[in-house]
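Please open the structure in a viewer and keep the selection panel at hand. The tour below proceeds from one selection to the next.

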Amino acid sequence: MSTLSIIATPIGNLEDITLRALKVLAAADIILCEDTRVTKKLLDRHSISKKTISYHAHSKLSRVDEVIVLLKEGKNLALVSDAGTPGISDPGSELVKKVRHELANEIRTGEIKIEAIPGPSALTSALSIAGVPCADFTFLGFLPHKKGRETLFKEIVSSERTVVFYESPHRIMKTLESLMEHLNGNSDHAAPKKVTICRELTKLFEEVVQGTAKEVRDYFEEHQDKVKGEFVVLVSK
Ligand code: SAM
């Protein structure tokens, strides 16, 4: 039997890795990495020495075929991304889809297994500390830069659910401006919607900024030194 383990890794703090993830990484024959140099740091931190090969968003189909051959040969493979849970705005889901399709018989008979080794994700981490309704929510990944962006903002501000998305430091101010514009123009809501920014989660400068779109925009305008790092944006009631 061979296994493809989809392993969540830290989103900043290298100690945020489960005992099971470490055990599976140490036992894998090969680790498929988004960037082998990033994963090497994590492996070194936990004294794991292992063969790594790259698997990223632009990997050719031949790489998927290679994975399929390795699984058929009985190899245990682990897939990690640079940070967080593979497949969540990261490479992984296409590979899993293909393996499920190509090896459907072997999966059915139990010769091959795809398993989740759950752990950190910026999405769930942000939701867990934002103090916003999260019994149900909409996750948008990264917003498109151009096509469909305006429509999406309209949907975000009129959504009954909490909306969560990822944003880069280069676009966060632009995004806050757009949220301000759209939330001002939206008279459906008696109480103004809340915008929450979760920045640098699990890292030294982790912070949560919450308020109206204008309050949050003003905060980052005043603190330009904080317009860097990694951001999760939540728009909620
Ligand atoms: N697969 C990852 C996960 O499960 O969270 C997400 C990968 S996606 C390529 C990277 C984006 O996730 C960043 O641009 C940022 O929006 C968000 N992110 C990742 N780490 C973060 C952190 N420590 N704090 C805040 N946001 C983070």
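Which atom of the ligand lies 2.9 Å from a polar side-chain atom of Ser121? Select Ser121 and the ligand: the partner is an oxygen atom of the ligand. This is a polar contact, that is, a pair of N or O atoms within 3.5 Å. The protein covers 91% of the 570 Å² of accessible area that the ligand has on its own (Shrake-Rupley method, 1.4 Å probe).

The model is predicted, with local features requiring pLDDT of at least 70 and side-chain atom pairs pLDDT 80 or more, while totals for chains, interfaces and linings use all residues. Residues are numbered from 1 along each chain as its sequence is written, and side-chain values use heavy atoms, without hydrogens and water.

Next, select Asp90, where a polar side-chain atom lies 2.8 Å from a nitrogen atom of the ligand. At Ala83, a backbone N or O atom lies 3.3 Å from a nitrogen atom of the ligand.

Now display the whole shell of 19 residues around the ligand, each with a heavy atom within 4 Å of it. Ile88, Asp90, Ala122, Tyr166 and Phe231 are the closest. By class, the shell contains 10 nonpolar, four polar and five charged residues.

Finally, colour the strands (DSSP E runs of at least two residues): β7 (162–167) and β10 (231–236) each supply at least two shell residues. Domain 1 (2–117) and domain 2 (122–236) each contribute at least three; their bounds come from an automatic or database domain assignment.

Conventions. Polar contact = N/O pair within 3.5 Å; in protein donor to acceptor, adjacent residues only side chain to side chain. Helix = DSSP H or I, 4+ residues; strand = E, 2+ residues; numbered from the N terminus. Nonpolar A, V, L, I, M, F, W, Y, C, P; charged D, E, K, R; others polar.
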